[in-house]
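This report considers a single protein chain, beginning with one residue of the interior and proceeding to the internal spaces and the overall fold.

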Amino acid sequence: ASAVFKGNPAAVCPLDQWLPDQVLQAIASENNLAETAYYVRLGERYDLRWFTPTVEVDLCGHATLASASVILDVRREIPGPVVSFNSRSGSLSVERKGSLYALDFPSRPAGAWEAHPNLLTGLGAKPASVLAADDYLCVFENEEQVRELKPDMEKLAQIDRFATIVTAPGRDCDFVSRFFAPGKGIPEDPATGRAHTSLIPYWSRRLGKKELFGRQVSRRGGEFWCEDRGQRVGIAGNAVQYLEGRISFPCN
């Protein structure tokens, strides 16, 4: 997001030490945002975890970008320009490049896959092709089809993947996308770094280019400057601080 009230909201909670998992999940549920990120500093690196309102997840892009923004420019914990994280998805890093924060994430190419019975009925439309990695990747012919989708969230909550990504060529960008994960407490995510670990290798191969610009055409919208690096992908975007505060809860 380049301005408040756009992009994907994330809560970032710096910790001196880890709280019990049930407390981390309860805070994320109370925040009721797509993701709440928690980090603990370990020397020159940080341990990083992400929670939706209902579950802990293996990878989250926008909350990682938000965490780096807090470390580098809100709390100024290190001089930067690179923040290195340990996570359930291995080593991750974020580099500040001008006004952008650039994520270095593992690539998750999607392959051909037979769609779960609830996928197409849940989308209410038939994509040109269905692929899958950790999430379904449903490719449509044009941007209008992606924008006009009105999914049945109850059906999409029953698929056999974490989430559903829908995508198509963009009118004023290389590609557009949307992301639905109702089974994990996120009906539609506004701007999703995780999705781009599969979107980038797909569109890089299809368009024959390494550098791409994508838009997530949710109501709030998101902008992604992307790079295909083979086994890794670069995902860059802006971050804007909206609110700073303290969480109070019983310690005993």
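## Thr 167 and its surroundings

Thr 167 counts as buried because its relative accessibility is 0%, and buried means under 20%. The model is a predicted one. Within it, Thr 167 belongs to strand β11, which spans residues 164-169. A polar atom of the Thr 167 side chain lies 2.7 Å from the backbone oxygen of Val 176. Val 176 is also listed among the residues that Thr 167 touches when those up to four places away in sequence are not counted. The list further includes Leu 137, Cys 138, Val 139, Phe 140 and Val 146. Phe 175, Ser 177, Leu 199 and Trp 203 appear in it as well.

## Cavity and pocket

A search of the whole structure yields 1 cavity of 30 Å³ or more. The lining of the largest cavity includes Glu 35, Val 57, Leu 59, Cys 60, Gly 61 and His 62. Phe 162, Phe 179, Ile 186, Asp 189, Thr 192 and Arg 194 also line the largest cavity. Helix α2 (61-74) and strand β13 (186-189) each contribute at least two residues to this lining.

The second largest pocket is lined by 15 residues, and those closest to its centre are Ala 34, Ile 186, Glu 188, Asp 189 and Pro 190. Ile 186 and Asp 189 thus appear both in this group and in the lining of the largest cavity.

The volumes and the lining classes are set out below.

| Space | Volume | Nonpolar residues | Polar residues | Charged residues |
|---|---|---|---|---|
| Largest cavity | about 80 Å³ | 6 nonpolar | 3 polar | 3 charged |
| Second largest pocket | about 280 Å³ | 7 nonpolar | 4 polar | 4 charged |

## The chain as a whole

The protein chain contains 6 helices and 16 strands. Along the principal axes, its C-alpha atoms fill a box of roughly 50 × 40 × 30 Å. What radius of gyration does the protein chain have, and what would a compact globule with 252 residues have? The protein chain has 18 Å, and this agrees with the globule because a radius near 18 Å would be expected for 252 residues.

Of these 252 residues, 52% count as buried, and Thr 167 is one of the buried residues. Among contacts in the protein chain with a separation of 6 or more, 62% are accounted for by residues 24 or more positions apart.

Key:
Residues are numbered from 1 along each chain as its sequence is written. This is a predicted model: local features need pLDDT of at least 70, side-chain atom pairs count only at pLDDT 80 or more; totals for chains, interfaces and linings use all residues. Side-chain values use heavy atoms; hydrogens and water are left out. On a 1 Å grid over the protein atoms alone, a cavity is a set of points where a 1.4 Å probe fits but cannot get out, and a pocket is an open set with protein on both sides within 12 Å along at least five of seven lines; lining residues have an atom within 4 Å of a point. Grid points are joined across faces, edges and corners, and a volume is the space filled by probe spheres set on the points. Ala, Val, Leu, Ile, Met, Phe, Trp, Tyr, Cys and Pro count as nonpolar, Asp, Glu, Lys and Arg as charged, and the others, Gly among them, as polar. Helices (H or I, at least four residues) and strands (E, at least two) are DSSP runs, numbered from the N terminus. Buried means under 20% relative accessible area, exposed over 50%, partly exposed in between (1.4 Å probe, protein chains only). A polar contact is a pair of N or O atoms within 3.5 Å; within protein, one must be able to donate a hydrogen and the other to accept it, and residues adjacent in sequence count only if both atoms are side-chain atoms. Contact means heavy atoms within 4.5 Å. The radius of gyration is taken over C-alpha atoms; the globule rule is 2.2 Å times the number of residues to the power 0.38.
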